[in-house]
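This briefing is meant to be read alongside the sequence and the coordinates. It begins with strand pairing and then moves on to helix packing, the nonpolar core, salt bridges and symmetry.

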There are 2 protein chains.
Amino acid sequence: MPQQRPAARQLDHPGREELRLEAVLHALSDPVRLQVVRALADLDEEVACSAVELPVSKSTSTHHFRVLREAGVIAQCYYGTSKLNGLRRDDLDARFPGLLDAVLAAARSRD
Amino acid sequence: MPQQRPAARQLDHPGREELRLEAVLHALSDPVRLQVVRALADLDEEVACSAVELPVSKSTSTHHFRVLREAGVIAQCYYGTSKLNGLRRDDLDARFPGLLDAVLAAARSRD
DNA sequence: CCCGTACTACGACGCTTATCGTAGGAACGC
DNA sequence: GCGTTCCTACGATAAGCGTCGTAGTACGGG
């Protein structure tokens with residue numbers, strides 16, 4: 001069903017106040033998703049799904065991006081045939097101060 | 001805590017260097033387990049499993065304590081008919097600096 | 001209008017998880 | 001030994017998750 005809007009198709013994101021700690025932790029507890037978050041944090045800009053190399057199939061990749069979005073970890077918006085992904089750093093820092101940085105630091109320290 | 005038991009039953013714990021970020025995040029992503037961790041952090045001493053009130057059955061409770069132990073979040077040791085539980089604060093802080101505090105702060109801020 | 005690119009919805013699969021009840025073991029006090 | 005308390009192993013069940021392939025939609029460019 002086509003929605004009337006000037007911009008591209010929209011995707012549902014939880015608001016800043018709706019972020020749930022358990023959901024965020026669960027989203028971050030998967031190696032593939034953690035890899036996505038690391039990549040987005042390193043790039044520090046919005047990139048397409050395909051810009052992140054993952055060791056899984058395309059459909060699985062889509063699945064993981066959706067989990068991250070629904071948990072409120074990333075923001076996604078359509079742009080042409082692509083979908084841009086960005087870390088919701090501000091929202092995460094506001095609701096769970098220090099959490100994202102601690103996870104990123106821990107994830108990076110293992111290489 | 002007089003741990004001088006005559007070869008009391010021992011439990012397996014991952015060493016500090018064996019802690020895995022994903023496992024810890026997963027362990028903390030369950031509401032019941034998060035409640036346990038909060039309680040242990042608040043009490044700040046080793047307590048028996050039964051000292052933590054949980055909204056689940058005894059067997060389920062045992063299950064969650066085991067998940068936390070195997071992820072390296074808590075330490076457990078038998079003491080008489082009880083099993084004492086303690087947060088592995090030092091190990092967690094050493095491997096994942098700031099993570100536990102961020103999670104605890106976030107968990108507490110929702111009441 | 002057709003084609004390629006990029007993402008997605010769907011269904012399937014095998015595995016893991018959370019939950020419970022029951023039965024039972026280990027330590028302690030008597 | 002006996003009973004109590006506390007925890008645990010086991011089996012069952014239902015739900016969830018990660019993975020994939022296939023088929024499909026949306027967009028932009030010739």
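Which residue in β3(A) is the bridge partner of A:A75? In this predicted model, the bridge partner of A:A75 in β3(A) is A:G86. The pairing belongs to an open sheet of 3 strands in chain A, and the points below begin from that sheet.

**Sheet and strand pairing**

- The strands of the open sheet in chain A follow the order β1-β3-β2, and their pairing is antiparallel; its edge strands are β1 (47-48) and β2 (74-79) of chain A, each of which pairs on one side only.
- Between β2(A) and strand β3 (residues 82-87) of chain A there are 6 bridges, and the two strands run antiparallel.
- In chain B, strand β2 (residues 74-79) and strand β3 (residues 82-87) likewise pair in the antiparallel sense over 6 bridges, with B:Y79 standing opposite B:S82 in β3(B).
- β2(B) and β3(B) form a hairpin with 2 residues between them, and in the turn B:G80 has a positive phi of about 65°.

**Helices against the sheet**

- Helix α2 (residues 31-43) of chain A lies across β1, β2 and β3 of chain A, and it runs at about 80° to β3(A).
- Helix α3 (residues 58-71) of chain A also packs on the sheet, where it touches β2 and β3 of chain A, and its direction makes about 120° with that of β2(A).

**Nonpolar core**

- The largest nonpolar core has 66 residues, and those with the most contacts inside it are A:L21, A:V73, A:L99, B:L21, B:V73 and B:L99.
- At least two residues of this core come from each of α1 (21-28), α2, α3 and α5 (99-108) of chain A, and the same holds for α1 (21-28), α2 (31-43), α3 (58-71) and α5 (99-108) of chain B.
- Leaving aside residues up to four places away in sequence, A:L99 touches A:L21, A:V24 and A:L25 in chain A, as well as B:L99, B:A102 and B:V103 in chain B.

**Salt bridges**

- Over all chains the count comes to 8 salt bridges.
- A:D91 forms a salt bridge with A:R88, with the closest N and O atoms 3.0 Å apart; A:D91 is buried at a relative accessible area of 18%, and A:R88 also counts as buried, at 10%.
- A:R16, A:R88 and A:D91 are linked in a network of salt bridges.
- A:D101 forms a salt bridge with A:R89, the closest N and O atoms being 3.4 Å apart; because A:D101 lies in helix α5 of chain A and A:R89 in helix α4 (residues 89-95) of chain A, the pair ties together parts that are 12 residues apart in sequence.
- A:D101 is partly exposed, with a relative accessible area of 41%, and A:R89 counts as partly exposed at 26%.
- In chain B, B:D101 forms a salt bridge with B:R89, again with the closest N and O atoms 3.4 Å apart; this pair links distant parts of the chain, with B:D101 in helix α5 and B:R89 in helix α4 (residues 89-95) of chain B, 12 residues apart.
- B:D101 is partly exposed at a relative accessible area of 41%, and B:R89 is partly exposed at 26%.

**Relation between the copies**

- Chain B superposes on chain A after a rotation of 180° with 0.0 Å of shift along its axis, at an RMSD of 0.1 Å; the two copies are thus related as by a two-fold rotation axis.
- The copies meet through the same surface, because 100% of the interface residues of chain B are also interface residues in chain A.

Note on methods:
Residues numbered from 1 in each chain as written. Chains lettered and ligands numbered in written order. Predicted model: local features only at pLDDT ≥ 70, side-chain atom pairs only at ≥ 80, totals over all residues. Heavy atoms only, no water. Least-squares fit on C-alpha atoms with pLDDT ≥ 70 in both. Contact = heavy atoms within 4.5 Å. Pairing = 2+ DSSP bridges. Helix = DSSP H or I, 4+ residues; strand = E, 2+ residues; numbered from the N terminus. Axes fitted to C-alpha atoms, helices over the stretch in contact; angles between N-to-C directions. Core = buried A, V, L, I, M, F, W, Y, C linked by side-chain atoms within 4.5 Å. Buried < 20%, exposed > 50% of the residue type's maximum accessible area, 1.4 Å probe, protein only. Salt bridge = Lys/Arg side-chain N within 4 Å of Asp/Glu carboxyl O.
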